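Visitor: Before we look, I would like the reasoning behind each term you use, and not merely the labels.
Guide: Then ask about each in turn, and I will set the value against its criterion.

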Amino acid sequence: MRANTFLAVDLADDDRHALSAALTASSPGRPLPGRRPKPSTWHMTLRFLGAIEEDRVDRVAAEVERSVTTRAGRVLCRGLGAFPKPSRAGVIFAAIDDAEGLLTELASQCDWAAQDAGLDPEERPFVPHITLSRLRPHQDVRRVLDAFGDFQVVIRIDTVTLMRTTIVRGELRYDALETFPLAR
């Protein structure tokens with residue numbers, strides 16, 4: 001069994017409900033194509049850690065607790081996007097407007113915590129988002145994105161969660177290992 005760990009902002013239940021309602025209201029009547037994760041698993045990944053040993057997980061947790069100083073706040077979830085690009089998408093996501101840099105700062109602090117725990121620096125640029133669908137094989141989703149109406153949902157950022165994913169009986173499972181509240 002392969003387990004991956006990552007640091008994330010785990011959405012609060014009322015934020016999940018608000019996002020789900022906004023997606024339903026802006027929908028052209030068809031669900032998003034691809035494999036859609038359950039809303040209960042929606043999160044914003046701050047730093048992917050991969051399959052790391054248990055002692056390294058503990059070191060990352062200690063470093064996050066010691067070094068993450070970002071204060072709690074809010075960001076705006078606004079519209080849909082696709083990775084790597086809409087004409088050849090592998091992921092459809094809810095885009096996050098991080099105008100004040102809250103999530104960017106938080107992701108940077110999580111990356112430093114991971115490095116202090118002995119992991120390599122993150123090589124990919126941070127793009128705040130919430131994955132809504134995975135497409136295999138990649139598809140052109142430009143019409144899908146255009147068909148969805150605009151929506152905006154305020155998302156609270158008040159914790160960082162150390163999470164682990166495992167595959168249990170063919171289904172991806174997310175487990176919160178530890179949660180770190182942000183200062184208010």
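The conversation below takes up a few terms as they apply to this predicted model.

Visitor: What makes Thr161 buried or exposed?
Guide: Its relative accessible area is 2%, and the term buried requires a value under 20%, so Thr161 counts as buried. Thr161 belongs to strand β7, residues 159–168, and among the residues it touches, beyond those up to four places away in sequence, are Phe6, Leu7, Ala8 and Asp10.

Visitor: How do you know that β1 and β7 pair?
Guide: Pairing calls for at least two bridges between the strands, and β1 and β7 are joined by five in the antiparallel sense, so the criterion is met. Within this pair, Leu7 stands opposite Leu162 of β7.

Visitor: How do you know that β1 pairs with β2?
Guide: Six bridges join β1 (residues 4–10) to β2 in an antiparallel arrangement, where at least two would suffice; Val9, for instance, stands opposite Met44 in β2.

Visitor: Why are β2 and β8 said to stand at the edges?
Guide: The open sheet has four strands in the order β2-β1-β7-β8, with antiparallel pairing. β2 and β8 each have a single partner strand, so one side of each is left without a neighbour in the sheet.

Visitor: Why is strand β2 described as largely enclosed?
Guide: Of the eight residues of β2 (residues 43–50), six are buried, so the strand is largely enclosed by the rest of the structure. Helix α2 (residues 54–67) lies across β1, β2, β7 and β8.

Technical notes. Residues numbered from 1 in each chain as written. Predicted model: local features only at pLDDT ≥ 70, side-chain atom pairs only at ≥ 80, totals over all residues. Heavy atoms only, no water. Buried < 20%, exposed > 50% of the residue type's maximum accessible area, 1.4 Å probe, protein only. Helix = DSSP H or I, 4+ residues; strand = E, 2+ residues; numbered from the N terminus. Contact = heavy atoms within 4.5 Å. Axes fitted to C-alpha atoms, helices over the stretch in contact; angles between N-to-C directions.
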